[in-house]
Amino acid sequence: MFRNNRVAWFFVIPALSFLLLFKIWPIGVSFIESLTMTSFTGKKTFVGFENYTYLFKYDPVFWNSFWVTIVYSVIVNPLIVISSLLMALLLNGSHFFTRFFRTVFFLPTAISFAVVSVIWMIVLDPYYGLANSFLTLFGLKPQPFFSSTAQALWGLIMLNVWRSSGYWMMYFLAGLQNIPEALYEAAEIDGASTLQKTFRITLPLLTRTMSFVLVANTAFNFLSFAPVYIITKGGPIGSTNLLMYESYKSAFVNLDMGRASAITSILLAIILVFSFVELRLTRAKFDY
Amino acid sequence: MRRLLVLMILLTGVLLSATTLEVLWMGWPKDQVMQLINAFKEENPTIEVEIQLVPFGQLFQTIEVRLAAGDGTPDVFIVDGPNNASYAARGYLLALDDYYTDEEMNDWFKASIEEGSYNGKFYSVPYGTSSAGIFYNKAIFEEYGIPFPSESIDERLTWEEIAEIAKKLTKDTNNDGIPDVWGLVIEQIDRPYLLFPLMQSLGAQVLSDDGFVSQGYITSQEFVQGATFYWKLFNEWKVSPQGVSDSAIAREYFGTGKAAMMLGNEWNLRRLAQYPGVDYGLTPFPYFEGGVAVTPTGSWHVGINSKTKKLDAALKFTKFITGRDAVVTWHLLNGIAPARYDVYEALPEVFGNAMWQLFFNEMENTAVPRPVTPGYSQYELMLREAFNSIHYGADPKKTLEDAAIRIDRELRRYR
């Protein structure tokens, strides 16, 4: 390492100061905000943890949001990671078609979440959407999609998987390309099958990439907002009322910054817990 | 050299003596708004107007942020009718009783004055208003042999009758399980603005007189009864499509012949022009059998900042922009329904037709403004979510009771 620690600090300070100023400081301000209550005349009073106790003890809407968010995360995160990993494994070649499909699968990332949401809203319209036209063409029953409490959340999940998989696939591809060919050749000489190669060489050596993808993806998905805001607005009957949307409503419609900040602080805590667990699970058990 | 200096000092003096009025306005098209601003500048050359146009989606947030700064600007700003109480209660608006004579007050619809008042004082000047009715597709009615509903205000149909017609006109012609023609589409499917008249027709009061309590009002028997009728439209009779999330989408249904009737606002008289294929008629806003006829109303107002340092200029601008000539020009540019009587008289070629006459009649006689409360935006959002849940099938009584608890908690902060 550096002989002189002070030099190391000079290299780190620019990035660190940005991080502190634009990330840590706002988090701190937001947390302080969550400890206050603002009367509608604009006066702020310090109320300690009252916002939190209200949320946890008396607010059924918050609990509904909480569980909807947890369920959403528990389903969408594995789905995205597994699908992007599979795509990366399949498309890790230099064939024309593999390269072509890599591009095709990556394309949804070029579309912003807002636009993706509008497109899906139109395609999955229960009465005149493309999806239902397709289903009825084959004699299947038209589905209510975003109009049904049972299917709306799944609609959001699928939207997210469709849009995000290509993006994370790229990270896995990069990780795959870092694995030295020599290892595979050595394994082949020892008579390993493709499956053994995947499970004994590829996956273990992807642990670092997996770690990054898992944590970044989880954090990002907890903050899902655009599809809810554009398509479902938390409905129907609260079945897609993710925490971020609930916080948005508190902040910008109800002008209740205290409750909004409390929700985002809780969200931050949840993300930290999940990230910690995921980092532990994907710890590289060997040095490479 | 010295002459140049004197000239510069004189110029600065002239510039400083001109007042600059800061106006925060709704994001209507700039070229339209500038026509009015330029007309004002012609009449008032010493008043510079700096106007900021903010799109609807960010307007209310911008107003909140700027008024919270408390520096007296913007001097004049646009006020959405139901927010009048909220701004007045927080002291953002200047009381205008001293600056308007009784004669001037007679220029506006009573409902508009009510909307612009709070606690007995007049705070924001009516700029526009609104009304609603049921538009119906003549071709669909003819195709299925249903007689046209009357266009006369004296022969208003009841909601029960409308429901019957809607049932007869919801058709699934190709048997794929999805209706190809819906009986009724509601332009703003879950907005309290359009749905209050149903409950009010049954005699319900939608909020306490002091504007702080919804428990007992939105949970009253009459209100639940109205909400149950609304629930049935989507879930029992299935005459109306669920999830129509935007008024443009509702208009698309009606304009392309996928809906026989549309419950919609007066602005459709202009906006349906983009669907030249639909030959439509207008029938008055329905009421419940045995109940009262009620129509929704209200729109934009203009308010003066209570801390403004340019009161004179602000008053001149406000009186100009809400005056007869400016509103006439504005209607021709933008189509907003005027809140002034004399504008209707000034444009007989526009307002003379039977549909505008119907709306005018409603605005004068059956219009009930939205409830006055400082917490209107919270009240409206939560009630709107409740209506949204109800139209997707949630039980009306339980949903309204849950909503009332949450609304009252929010409104409690305003006492």
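## Two domains, a sheet and a helix in a predicted model

In chain B, the C-alpha centres of domain 1 and domain 2 lie 34 Å apart. The structure described here is a predicted model, and the account below begins with these two domains before turning to a sheet, to the helix that packs on this sheet, and finally to chain A.

### The domains of chain B

According to the domain assignment, domain 1 of chain B consists of residues 2-126 + 300-335, while domain 2 of chain B consists of residues 132-294 + 372-412. Seven residues from domain 1 of chain B and nine residues from domain 2 of chain B take part in the contact between them. On the side of domain 1 of chain B that touches domain 2 of chain B, the largest share, three residues, is supplied by helix α4 (residues 84-89) of chain B. Sorted by class, the residues on that side of domain 1 of chain B are four nonpolar and three polar, with no charged ones.

### The sheet of four strands

Chain B holds an open sheet of four strands in the order β9-β10-β8-β11, and the pairing in this sheet is mixed. Strands β9 and β11 (280-284) of chain B form the edges, since each of them pairs on one side only. If direction is ignored, neighbouring strands of this sheet are turned by 25° against each other on average.

Strands of a sheet pair through backbone hydrogen bonds, and they may do so either parallel or antiparallel. How is β8(B) joined to β11(B) and to β10(B)? Five bridges join β8(B) to β11(B), and the two strands run antiparallel; G133(B), for example, has P284(B) as its bridge partner in β11(B). Five bridges also join β8(B) to β10(B), again in an antiparallel arrangement, and here I134(B) stands opposite L263(B) in β10(B).

Is β8(B) enclosed or open? Six of the six residues of β8(B) are buried, so the strand is largely enclosed by the rest of the structure.

### Helix α8 on the sheet

Helix α8 of chain B, which covers residues 159-168, has W159(B), I162(B), A163(B), I165(B) and A166(B) as its buried residues. When the helix is viewed down its axis, these buried residues fall within an arc of 165°, so they line one face of α8(B). The partners against which the buried residues of α8(B) pack include the strands β8 (132-137), β9 (182-186) and β10 (259-265) of chain B, and the helices α9 (192-201) and α10 (221-235) of chain B are also among them.

### A cis peptide bond in chain B

Most peptide bonds are trans, and most residues other than glycine have a negative phi. The peptide bond from T73(B) to P74(B) is cis, with omega near -5°, and P74(B) lies in the loop between α3 (56-69) and β3 (76-80) of chain B.

### Chain A and its contact with chain B

Chain A has 13 helices and two strands, and its C-alpha atoms fill a box of roughly 75 × 75 × 30 Å along the principal axes. Of its 288 residues, 32% count as buried. Among the contacts in chain A with a separation of 6 or more, 67% are between residues that are 24 or more positions apart.

Chain A also touches chain B, with 20 residues of chain A in contact with 22 residues of chain B. The side of chain A that touches chain B is made up of 11 nonpolar, seven polar and two charged residues.

Two residues of chain A that are not glycine have a positive phi, and the table sets them side by side.

| Residue | Phi | Loop in chain A | Other C-beta atoms within 10 Å |
|---|---|---|---|
| K233(A) | near 50° | between α11 (226-232) and α12 (243-252) | 17 atoms |
| I237(A) | about 55° | between α11 and α12 | 21 atoms |

Which of these residues is buried, and which is partly exposed? A residue counts as buried if 20 or more other C-beta atoms lie within 10 Å of its own, and as partly exposed if the number falls between that limit and 12. I237(A), with 21 such atoms, is therefore buried, whereas K233(A), with 17, is partly exposed.

Terms used: Residues numbered from 1 in each chain as written. Chains lettered and ligands numbered in written order. Predicted model: local features only at pLDDT ≥ 70, side-chain atom pairs only at ≥ 80, totals over all residues. Arc of directions from axis to C-beta. Contact = placed C-beta atoms within 7 Å. Pairing = 2+ DSSP bridges. Axes fitted to C-alpha atoms, helices over the stretch in contact; angles between N-to-C directions. Nonpolar A, V, L, I, M, F, W, Y, C, P; charged D, E, K, R; others polar. Domains from an automatic or database assignment.
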